[in-house]
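Thanks, everyone, for making the time this morning. I would like to walk through one model with you, starting with its aromatic side chains and then moving outwards to the packing around them.

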Amino acid sequence: MLPRTIVWPMLLLLAACSNDPGTGPAEIKWDRDICNRCRMVVSDPHFAAQIRHLPEGKRSRVDKFDDIGCAMLWLDQQTFKDDPSIEIWVADFRTGEWIDARTATYVTQNTTPMEYGLGAQAGPGGMSFEQAKSHVYDVEQRFNRHGVQLLERLKEKADRREGAQ
């Protein structure tokens with residue numbers, strides 16, 4: 001067993017090595033981090049989003065997204081989607097500053113990485129988070145642009161071919 005004089009400094013050193021505060025938005029490595037839903041590179045600092053959650057029994061985890069639409073759709077598919085401790089951060093489309101996605105308002109007519117068309121902003125003058133989510137689902141259903149659905153359709157087509165043989 002290690003003496004306490006060695007264990008405590010080691011624990012402090014390990015804690016100091018982690019520069020993640022466990023809350024708030026994390027640093028994004030632009031053009032290097034990958035969207036957790038569509039797998040595209042996160043490259044536009046005016047439309048990116050992040051979701052911080054606490055996997056059971058682990059430290060907080062941050063998932064990064066290239067578009068608020070990807071973040072909303074991804075979160076809705078997670079078992080922990082209703083956990084009140086989840087933090088959702090989105091970039092203000094005008095400044096690139098991180099703002100709370102649930103209190104932000106959203107305006108349309110933007111060209112965004114996945115074409116959901118929403119720009120987040122601090123303050124009034126746009127859709128609420130829930131209205132923005134409804135907009136994302138409308139776009140997703142109308143255009144079905146996301147590669148996830150394409151992969152599902154290709155798999156269904158392959159399954160039908162196998163069944164016909």
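Let me begin with two residues, Phe-65 and Trp-74, both of which are buried. Please keep in mind throughout that what you see is a predicted model. The rings of Phe-65 and Trp-74 form a tilted aromatic pair, with 5.3 Å from centre to centre and 50 degrees between the planes, and this is one of three aromatic pairs that the structure holds. Ring pairs also bring in Phe-80, so that Phe-65, Trp-74 and Phe-80 are linked into a cluster.

If we look at what surrounds Phe-65, leaving aside residues up to four places away in sequence, its contacts include Cys-35, Val-42, Ala-48 and Ile-51, as well as Cys-70, Ala-71 and its ring partner Trp-74.

Another aromatic pair is formed by Tyr-106 and Phe-129, again tilted, with the centres 6.5 Å apart and the planes at 55 degrees. Because Tyr-106 lies in strand E5, residues 105-107, while Phe-129 lies in helix H3, residues 129-143, this pair ties together parts that are 23 residues apart in sequence. Tyr-106 and Phe-129 are both buried.

That leads to the largest nonpolar core, which has 31 residues, and in which Ile-51, Phe-65, Ile-68, Ile-88, Val-90 and Tyr-106 are the ones with the most contacts. Two or more residues each are given to this core by strand E1 (49-53), helix H2 (68-76), strand E3 (87-91) and H3, and the largest share, seven residues, comes from H2.

Now, which residues does Ala-101 touch, not counting those up to four places away in sequence? They are Ile-68, Ile-88, Trp-89, Val-90, Tyr-106 and Phe-129. Ala-101 is found in the loop between strand E4 (98-100) and E5, and it is buried, with a relative accessible area of 0%. Ala-101 also lies 8.3 Å from Glu-87, C-alpha to C-alpha, although 14 residues separate the two in sequence.

Finally, the helices. H2 and H3 pack with their axes 10 Å apart and at an angle of about 90 degrees, and the two are therefore roughly perpendicular to each other. On the H2 side, the residues that meet H3 are Gly-69, Met-72, Leu-73 and Asp-76, and on the H3 side they are Phe-129, Ala-132, Lys-133, Val-136, Tyr-137 and Glu-140. By character, the residues of this contact divide into six nonpolar, one polar and three charged.

Definitions and conventions
Residues are numbered from 1 along each chain as its sequence is written. This is a predicted model: local features need pLDDT of at least 70, side-chain atom pairs count only at pLDDT 80 or more; totals for chains, interfaces and linings use all residues. Side-chain values use heavy atoms; hydrogens and water are left out. Rings of Phe, Tyr and Trp (its six-membered ring) pair if their centres lie within 6.5 Å; planes under 30 degrees apart count as stacked, over 60 as edge-to-face and the rest as tilted. Buried means under 20% relative accessible area, exposed over 50%, partly exposed in between (1.4 Å probe, protein chains only). Helices (H or I, at least four residues) and strands (E, at least two) are DSSP runs, numbered from the N terminus. A nonpolar core is a set of buried Ala, Val, Leu, Ile, Met, Phe, Trp, Tyr and Cys residues joined through side-chain atoms within 4.5 Å. Contact means heavy atoms within 4.5 Å. Axes are lines fitted to C-alpha atoms, for helices over the stretch in contact, and angles run from 0 to 180 degrees between N-to-C directions. Angles under 35 degrees count as roughly parallel, over 145 as roughly antiparallel, 65 to 115 as roughly perpendicular and the rest as oblique. Ala, Val, Leu, Ile, Met, Phe, Trp, Tyr, Cys and Pro count as nonpolar, Asp, Glu, Lys and Arg as charged, and the others, Gly among them, as polar.
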